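Here is a brief structural report. It goes from one helix to the whole chain, then to two single residues.

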Amino acid sequence: MEYLNTIWFILIAVLFIGYFFLEGFDYGVGMLVPFLGKDDIERRVIINSVGTFWDGNEVWLLTAGGAMFAAFPNWYATLFSGFYLALILMLVGLIVRGVAFEFRSKDDNPKWRNFWDWALAVGSFIPALLWGVAFTNIWMGVPIDENMHYVGGFFNLLNPFALIGGLGTLTIFLLHGALFLSIKTEGEIEQRARALAAKLWIPTFIVYVLFIIVGYLKTNLFFKFGVNPGIIPIFTVLSLISTYFFIKNGKMGWAFILNGLTIVLTTVTIFMSMYPNVMPSSLNPEWSLTIYNASSSPYTLKIMSIVALIFVPIVLAYQSWTYYIFRKRVSTKSKLTY
């Protein structure tokens, strides 16, 4: 039954891929609201472009967390106790963001709306940055003792390599948001989003290159790949380069897909290079959490697999239907809810 451990490791990776792809543009749009919207109506258009999707996108995070808790409880316990302060900060950001969506249009006072616009931007900025910091730390290893306890502090997580990883998720989510707005809005907002996407691609690419260089010099992560890292890491870089090609040629739909593919392949690379570890120890490789010593019992994994086979297709069908129903562009002439 050990194959179930691998299957659930892959399923959790898939859930995070879905979360980063969908919530990535969601975060990007949230951060861009005060900068791309010149007046209240334009800001409402930008917020409404994701208004029907943002809460559904977060289902992927809740499902990933629930799956991690049930399939690999030791991974969940070590991660959430070790990264406690960072995750609380992230949770505060997500709460502020959700409240901003709901409260912004409850009052016509410009100061009220401006406050919630910035709350939405900050609430989107915090998780966009911290997800990169968290996954870079998990990827390169953190101080875990022989009892599966994280023995570092909060500031251990804010090392230079992890901060570059945080900048990586921040910039690529911003780019993802600008590309989404270029295919979801009309008029001047669309034009501004197109122009901004071309500008955002440059820092995104620079941060990705910097992340690879620092990772190669400061860690042994890339030695696992060798001279030839394999097709997935190579296609990750190629898809990011292709994104710029399509932006410059005005093919914004393709640019959005290619940028999303970069997010997908980056996440695949991280999970692929960790396997079979789920949380490597920087103190002693033998103390690392793996898909075997961090997992639930075979019976639990078997029951979870049956439940997943029933409900995952339902969730996928529901969310696909949502995106199909609300596929039209949003403009200043649309009925604005938020």
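The buried residues of helix α12 pack against three other helices: α1 (3–36), α3 (54–57) and α4 (59–71). The model is predicted. The buried positions in α12 are L301, M304, S305, A308, Q319 and T322. An α-helix has 3.6 residues a turn, so residues three or four places apart point the same way.

**Helix α12**

Helix α12 holds 28 residues, 298–325. At 1.5 Å a residue it should span 40 Å, and its end C-alpha atoms are 40 Å apart, which agrees. The helix is kinked all the same: the bend is about 30° and is centred on A308. A308 is also one of the buried residues of α12.

**The whole chain**

The chain has 12 helices and 2 strands. Along the sequence their order is α-α-α-α-α-α-α-α-α-α-α-β-β-α. The radius of gyration is 20 Å, close to the 20 Å that the globule rule gives for 338 residues, so the chain is as compact as a globular protein of that length. Along its principal axes, the C-alpha trace spans about 60 × 40 × 35 Å.

Of the 338 residues, 52% count as buried. The accessible surface comes to about 16,200 Å². Carbon and sulfur atoms own 71% of that surface. Take the contacts between residues at least 6 apart in sequence: 80% of them join residues at least 24 apart.

**Annotated spans**

An unreviewed UniProt entry carries the annotation "transmembrane region". According to that record, the annotation covers residues 6–22, 83–103, 115–140, 160–183, 195–217, 229–247, 254–275 and 303–326. Two of these spans are set out below.

| Span | Helix content | Strand content | Distance between end C-alpha atoms |
|---|---|---|---|
| Residues 6–22 | 100% helix | 0% strand | 24 Å |
| Residues 254–275 | 95% helix | 0% strand | 31 Å |

**Two residues up close**

Is E190 buried or exposed? E190 is buried, because its relative accessible area of 12% falls under the 20% cut-off. E190 is found in helix α9, residues 187–218. Leaving out residues up to four places away in sequence, E190 touches L181, S182, T185 and R329. E190 and F180 are 10 residues apart in sequence, and their C-alpha atoms are 9.4 Å apart in space.

L261 belongs to helix α11, residues 252–274. L261 is partly exposed, because its relative accessible area of 36% lies between the 20% and 50% cut-offs. Which residues does L261 touch, not counting residues up to four places away in sequence? The contacts are F21 and S239. L261 and T236 are 25 residues apart in sequence, with 7.5 Å from C-alpha to C-alpha.

How values were computed
Residues numbered from 1 in each chain as written. Predicted model: local features only at pLDDT ≥ 70, side-chain atom pairs only at ≥ 80, totals over all residues. Heavy atoms only, no water. Helix = DSSP H or I, 4+ residues; strand = E, 2+ residues; numbered from the N terminus. Expected span 1.5 Å × (residues − 1). Bend = angle between axes of the 7 residues up to and from the residue. Buried < 20%, exposed > 50% of the residue type's maximum accessible area, 1.4 Å probe, protein only. Contact = heavy atoms within 4.5 Å. Rg over C-alpha atoms; globule rule 2.2 N^0.38 Å. Areas by Shrake-Rupley, 256 points an atom, 1.4 Å probe, with all protein chains shown as cover. UniProt positions renumbered as here; feature names shortened; annotations may be inferred.
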